Amino acid sequence: MSFKSILQDMRGDFGSMSRKGFDVKFGSGMRSRSHRVVQDTSFVPVDAFEQSCWANMPPELLRDVLTRIEASETTWPSRKNVVACAGVCRNWREIMKEIVKTLEDSGKLTFPISLKQPGPRDSLLQCYIKRNRNHQTYYLYLSLNQASNDDGKFLLAARRCRRPTCTDYIISLNCDDVSRGSSTYIGKLRSNFLGTKFTIYDAQPPNSGAKVVKCRSTRIVNMKQVSPRVPAGNYPVAHVSYELNVLGSRGPRRMQCVMDAIPASSVEPGGVAPTQTEFLHSNLDSFPSLPFFRSKSTRTENFQSGPLAGCDDGMLVLRNKAPRWHEQLQCWCLNFNGRVTVASVKNFQLVASPENGVGRQDHENVILQFGKVGKDVFTMDYQYPISAFQAFAICLSSFDTKIACE
């Protein structure tokens with residue numbers, strides 16, 4: 001039996017039970033008086049799913065059916081059927097969570113938590129970013145296939161918010177509601193005034209030992225949060241810095257990323273990076289109470305403190321791969337394997353820094369690459385040990401204006 005026929009069968013069961021319940025509840029009253037609705041107090045609500053044939057299916061058989069569905073739907077958009085199965089009821093959801101493997105093992109983006117999990121080890125996961133200049137928004141999509149002209153599978157959205165002393169990029173799971181007060185808010189990217197240093201904040205703790213950073217926006221988000229089960233905080237997960245160009249010479253940018261939540265050993269053979277299997281929920285009462293007014297020096301001190309001031313040897317450090325000068329083309333070149341077609345100062349490839357003690361082969365392994373292919377279209381390819389959320393935030397830092405770098 002195909003998955004489509006299964007859904008049709010279930011829809012028929014739900015529809016018949018719903019119609020039956022409607023007739024019992026409202027039938028007599030509507031026939032006697034058309035202008036009044038008389039409720040039958042003896043009516044007992046009927047759960048369509050509990051009365052359907054799927055409620056009595058043996059657990060072993062149900063697991064086998066769901067396993068076959070998960071194995072057959074390998075790519076989007078057909079993979080939305082796997083998500084639909086997880087939304088039927090709690091029993092189905094628990095089984096699907098056990099069947100669906102992590103992104104590292106399967107290479108498949110399925111549930112929203114996949115965006116917080118490290119990418120596959122052996123290949124780059126191909127995505128692309130669309131920029132809307134008018135609304136200062138950015139949209140991340142999963143490439144369904146290279147020949148398709150469709151938008152692909154939507155993953156994340158970001159909105160640029162310019163402030164007097166910094167710039168914030170609010171990142172959300174919902175393309176229509178990109179705000180810190182939404183329950184789909186998952187993090188942000190914040191820059192300094194010059195646009196040379198950035199901090200990536202996760203709205204939820206990436207691990208059980210994560211510590212929230214004191215920030216005025218934390219309090220504002222908690223006051224406007226829609227869903228109390230998904231409290232938003234400021235948990236720093238990475239720091240991005242661009243080297244200052246004091247002499248003003250023309251050339252490629254130089255950038256460094258310090259991944260707070262990823263150990264340096266993760267890029268070594270057999271290394272392991274932290275992998276989230278579900279969204280962790282922190283306690284709203286544990287967030288610090290901050291005064292409404294603070295001095296400018298306090299804000300600057302809180303922002304600049306972190307791994308950039310003193311790098312921890314245990315953290316993964318990524319650096320951009322140095323391009324080579326092409327004499328015939330008279331430009332700086334990098335091998336993007338056909339994924340980048342337009343020259344831009346924003347293009348970059350990130351590899352593990354030699355500071356991590358990795359071998360030369362691991363040092364040449366590209367973990368994240370970003371480049372321009374159209375006026376407002378950019379490709380973003382990433383792999384283990386960073387996640388789609390972290391890769392997207394790092395790429396957003398390349399869009400920001402950098403007064404002291406170019």
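The following paragraphs describe the fold, confidence, charged pairs and aromatic contacts of a predicted protein model.

Residues are numbered from 1 along each chain as its sequence is written, and side-chain values rest on heavy atoms, with hydrogens and water left out. Because the model is predicted, local features were required to have a pLDDT of at least 70 and side-chain atom pairs were counted only at pLDDT 80 or more, whereas totals for chains, interfaces and linings use all residues.

The mean pLDDT of the protein (the predictor's confidence in each residue, from 0 to 100) is 76, and 65% of the residues score at least 70. Over residues 17–41 the pLDDT is below 50, and this stretch has 15 contacts in the model beyond near neighbours in sequence, a contact being defined as heavy atoms within 4.5 Å. Residues 216–231 also stay under 50 in pLDDT, and for them the model has 40 contacts beyond four places in sequence.

The secondary structure comprises 10 helices and 14 strands, taken as DSSP runs numbered from the N terminus (helices, H or I, of at least four residues; strands, E, of at least two). Of the contacts in the protein with a separation of 6 or more, 61% are accounted for by residues 24 or more positions apart. The exposed surface of the protein is about 21800 Å², of which carbon and sulfur atoms supply 51%; accessible areas come from the Shrake-Rupley method with a 1.4 Å probe, and for residues only the protein chains shown count as cover. Buried residues make up 45% of the 406 residues, where buried denotes under 20% relative accessible area, exposed over 50%, and partly exposed the range in between (1.4 Å probe, protein chains only).

Charged side chains were examined next. Side chains of opposite charge can pair when their charged atoms come close. With a salt bridge defined as a side-chain nitrogen of Lys or Arg within 4 Å of a carboxyl oxygen of Asp or Glu, the count comes to 12 salt bridges. One of them joins Arg-68 to Asp-64, with an N to O distance of 3.0 Å; both residues lie in helix H3 (residues 59–72), four residues apart, about one turn of the helix. In this pair Arg-68 is exposed, at a relative accessible area of 58%, while Asp-64 is partly exposed at 34%. A salt bridge is also formed by Asp-400 and Arg-160, whose closest N and O atoms are 3.5 Å apart. This pair links distant parts of the chain, since Asp-400 belongs to the segment after helix H10 (388–399) and Arg-160 to strand E3 (residues 153–162), 240 residues apart. Asp-400 is buried, with a relative accessibility of 3%. Asp-168 and Arg-163 likewise meet through their side chains in a salt bridge, at 3.1 Å from N to O; here Asp-168 is buried at 0% relative accessibility, and Arg-163 is partly exposed at 27%. In addition, Arg-131, Arg-133 and Asp-376 are joined into one network by salt bridges that share partners.

Aromatic side chains were treated in a similar way. Rings of Phe, Tyr and Trp (its six-membered ring) were paired if their centres lie within 6.5 Å, with planes under 30 degrees apart classed as stacked, over 60 as edge-to-face and the rest as tilted; this rule gives 10 aromatic pairs. The ring centres of Phe-348 and Phe-370 are 5.6 Å apart and their planes stand at 35°, so the pair is tilted. Phe-348 in strand E12 (residues 348–352) and Phe-370 in strand E13 (residues 366–372) are 22 residues apart, and their pairing links distant parts of the chain. Phe-348 is buried at 4% relative accessibility, and Phe-370 is buried at 0%. For Phe-378 and Phe-399 the centres are 4.9 Å apart and the planes are at 90°, so this pair is edge-to-face. Because Phe-378 lies in strand E14 (residues 377–382) and Phe-399 in helix H10, the pair ties together parts that are 21 residues apart in sequence. Both Phe-378 and Phe-399 are buried. These four Phe residues, with Tyr-138 and Tyr-169, form one aromatic cluster.

Charges also sit over rings, a placement that requires NZ of Lys or CZ of Arg within 6 Å of the ring centre and within 35 degrees of the ring normal. Lys-153 lies over the face of Trp-76, at 4.2 Å from the ring centre, and Lys-188 lies over the face of Tyr-201, at 5.4 Å from the ring centre.
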